[in-house]
Amino acid sequence: MKLINYIDNSWRNILRSEFEASYFSSLEEILIQELKESTIYPPIDTIFSAYNLTPISKIKVVIIGQDPYHGEGQANGLCFSVQKEMKHPPSLQNIFKEISNEYSCQYPKSGDLSEWAIQGVLLLNASLTVRKSEANSHSKIGWQKFTDATIKAVSDHCEDVVFLLWGGFAKKKIKLIDQSKHTILESGHPSPLSANRGYWFGNDHFRKTNELLISKGLEKIEWVKTD
């Protein structure tokens, strides 16, 4: 199994040194063994959905999650996103509630955030895989080194990106971002534990992001489909 074969060409070229590194070979060996012994999410051919739906040349916004949902049929390779017919997990519910509050719009029906990704929102989990029913089970197999390299590549190769860092874990990634080139918006995590303590609702991140994009002459993100 060569994971490099599953990723968009633009990312393949920029991250080639990561794919060729010894830690990544070890990561692939671990995944091969895991696939023999247990169930891994998301499906292998969707591990790089965030990259494939958002080539590096199209990135306008980056949202960083921790690891994929570990329930059956949930994860689709995009952080905070689930397959269309799946029930919305609590964090996603709070994301949608905040958008609904900011834009006085209806709560979205689908939890699939692919439309965001297509518009230029890189929905990046720090770990790209997880073992079924075991949160953070792949957090130490090498993915975080790979996704840190991804964040650094965005910082180096792109201009005027808005990074949304939600919660303590995401905020640690600030060291990888050149703040002279990009904008960082921080808040608490949308999980109920954080949101119910007043650290999420009212952050106005979706509206602020669009204001920043427009100020740079870029198209805003349609956070909710209006059709």
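Using the cavity rule, the count comes to 2 cavities of 30 Å³ or more in this predicted model. A cavity here is a set of points on a 1 Å grid over the protein atoms alone where a 1.4 Å probe fits but cannot get out, and its lining residues have an atom within 4 Å of a point. Grid points are joined across faces, edges and corners, and a volume is the space filled by probe spheres set on the points.

Here are the two side by side.

| Cavity | Volume | Lining make-up |
|---|---|---|
| Largest | about 50 Å³ | 4 nonpolar, 1 polar, 2 charged |
| Second largest | about 30 Å³ | 6 nonpolar, 2 polar, no charged |

In these classes, Ala, Val, Leu, Ile, Met, Phe, Trp, Tyr, Cys and Pro are nonpolar, Asp, Glu, Lys and Arg are charged, and the others, Gly among them, are polar.

If you would like to display the linings, select Asp160, Val161, Val162, Thr183, Leu212, Leu213 and Lys216 for the largest cavity. For the second largest, the lining residues are Pro42, Ile47, Pro68, Gly77, Cys79, Leu123, Asn125 and Leu128.

Now to Asn210, which sits in helix H10 (residues 205–215); helices are DSSP runs of H or I with at least four residues, numbered from the N terminus. Asn210 has a relative accessible area of 4%, so it counts as buried (under 20%, with a 1.4 Å probe and protein chains only). Beyond its neighbours within four places in sequence, Asn210 contacts Tyr103, Lys220, Ile221 and Trp223, where contact means heavy atoms within 4.5 Å.

Residues are numbered from 1 along each chain as its sequence is written. Local features need pLDDT of at least 70, side-chain atom pairs count only at pLDDT 80 or more, and totals for chains, interfaces and linings use all residues, while side-chain values use heavy atoms, leaving out hydrogens and water.

Definitions and conventions. 1 Å grid on protein atoms, 1.4 Å probe; cavity = no way out; pocket = protein on both sides within 12 Å on 5 of 7 lines; lining within 4 Å. Helix = DSSP H or I, 4+ residues; strand = E, 2+ residues; numbered from the N terminus. Buried < 20%, exposed > 50% of the residue type's maximum accessible area, 1.4 Å probe, protein only.
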